[in-house]
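Reader: I'm new to this structure and would like a close look at one part of it. Could you take me through the aromatic rings, and then show me a few other spots worth finding on screen?

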Amino acid sequence: MIRPLVLMTVLAGGGAVSAQERPWTPLPDPVSATCPGGLCQAQALSSFFEALRGSRVVHILQLGDSHTAGGDITAALLSRLQSRFPGRDIQLDAFGTVGETLRGLEIRRPLFDGAVPQLVILAYGTNDGFDDLLDPAAFERLLREQIGRVRREAPEASILLLGAPEAMRGEGGGTCPDDPHSRWREPATLAVVRDVQHRVAAEMGVAFWDWKGRMGGNCSAHTLTLGPEPLMRRDHVHFTSAGGDWIGSLLFDDLMAAHDRRGGR
């Protein structure tokens, strides 16, 4: 998709991002086609939920590609967590590289640069899915290895795997009804990556978030570029600032719904 160019670090502590500084108007709330409430294996987040209830300091680490590097999604998640739990010092470190694949996680040394987090969010897959020569079996082995590595280095941490969002190429062959020139379509490999992520998460007992479903499913990467205030950029891969805030809010909502089902407060 894009060669690695930029590394962005977002570090925010308690009160660093105010919910009042990010005004938000409710937007459509798509239904996950894969996981009830958007999350599969939500029970795997129990240690993170316990930390939200009782720890003074809660540390989250997100590792990923340009969706993480952009900062809007993580900022939206953090600001809402801080608003929901004002008595906690919630910190979120986000390290994302434009064009990054899962191989970037493999070569990251050390995995944790500082405090060991209570939640590790892995947000890879888009660039892997744009690689038409990707070996699905090799991708699966690497994903299993890296989940195992996180568990070894942070045995008390919860792990949340974000399924790859929908993204598109403008090379023709599209079937979206609101694309009159049939230009935009999702790479076939991206669906394979997403399926591998979903299955591995289930088999290894880590939480999985259905990002594509929460975007709106098939053709959402095109639909979200339309209208007077688009939520995705014209490249059909990256979100606008408003779109990042929207997606981050949906992730927060799904996490909190699961938290509350477990008797959270």
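Author: Here is a walk through the aromatic rings, followed by a charge over a ring, a buried acid and a helix.

Keep in mind that this is a predicted model. Let's begin with the rings. Any pair of aromatic rings can be described by how far apart the centres are and by the angle between the planes. Counting ring pairs whose centres lie within 6.5 Å, you get three aromatic pairs here. Take Trp 209 and Trp 211: their ring centres are 6.0 Å apart and their planes meet at 40°, so this pair is tilted. The cut-off for stacked is under 30 degrees, and edge-to-face needs over 60.

Now stay with Trp 211 and look across to Phe 239. Those two ring centres are 6.2 Å apart with the planes at 20°, so this pair counts as stacked. It also ties together distant parts of the chain: Trp 211 belongs to helix α8 (residues 211-215), while Phe 239 is in the loop between α9 (220-223) and α10 (241-261), 28 residues apart. Put the pairs together and Trp 209, Trp 211 and Phe 239 form a cluster.

How covered are these rings? Buried means under 20% relative accessible area. Trp 209 comes in at 1%, so it is buried. Trp 211 has 4% and is buried as well, and Phe 239, at 6%, is buried too.

One more ring is worth a stop, this time with a charge beside it. The charged end of Arg 108 sits over the ring of Phe 95, 4.6 Å from the ring centre.

Next, find Asp 65, in the loop between β3 (57-64) and α2 (66-69). Asp 65 is buried but has no salt bridge: Arg 194, the nearest side chain of opposite charge, is 11 Å away. So what does Asp 65 touch, leaving aside its neighbours within four places in sequence? Its contacts include Gly 96, Thr 97, Glu 100, Tyr 124 and Asn 127.

Last comes helix α3, residues 72-84. With 13 residues at 1.5 Å each, the helix should span 18 Å, and its end C-alpha atoms are indeed 18 Å apart. Most of α3 is covered, with 10 of its 13 residues buried. Among the buried ones are Ile 73, Leu 77, Leu 78 and Leu 81, and also Arg 80 and Gln 82.

Note on methods:
Residues are numbered from 1 along each chain as its sequence is written. This is a predicted model: local features need pLDDT of at least 70, side-chain atom pairs count only at pLDDT 80 or more; totals for chains, interfaces and linings use all residues. Side-chain values use heavy atoms; hydrogens and water are left out. Helices (H or I, at least four residues) and strands (E, at least two) are DSSP runs, numbered from the N terminus. Buried means under 20% relative accessible area, exposed over 50%, partly exposed in between (1.4 Å probe, protein chains only). Lys and Arg count as positive and Asp and Glu as negative; His and the chain ends are not counted. A salt bridge is a side-chain nitrogen of Lys or Arg within 4 Å of a carboxyl oxygen of Asp or Glu. Contact means heavy atoms within 4.5 Å. The expected span of a helix is 1.5 Å times one less than its number of residues. A charge sits over a ring if NZ of Lys or CZ of Arg is within 6 Å of the ring centre and within 35 degrees of the ring normal.
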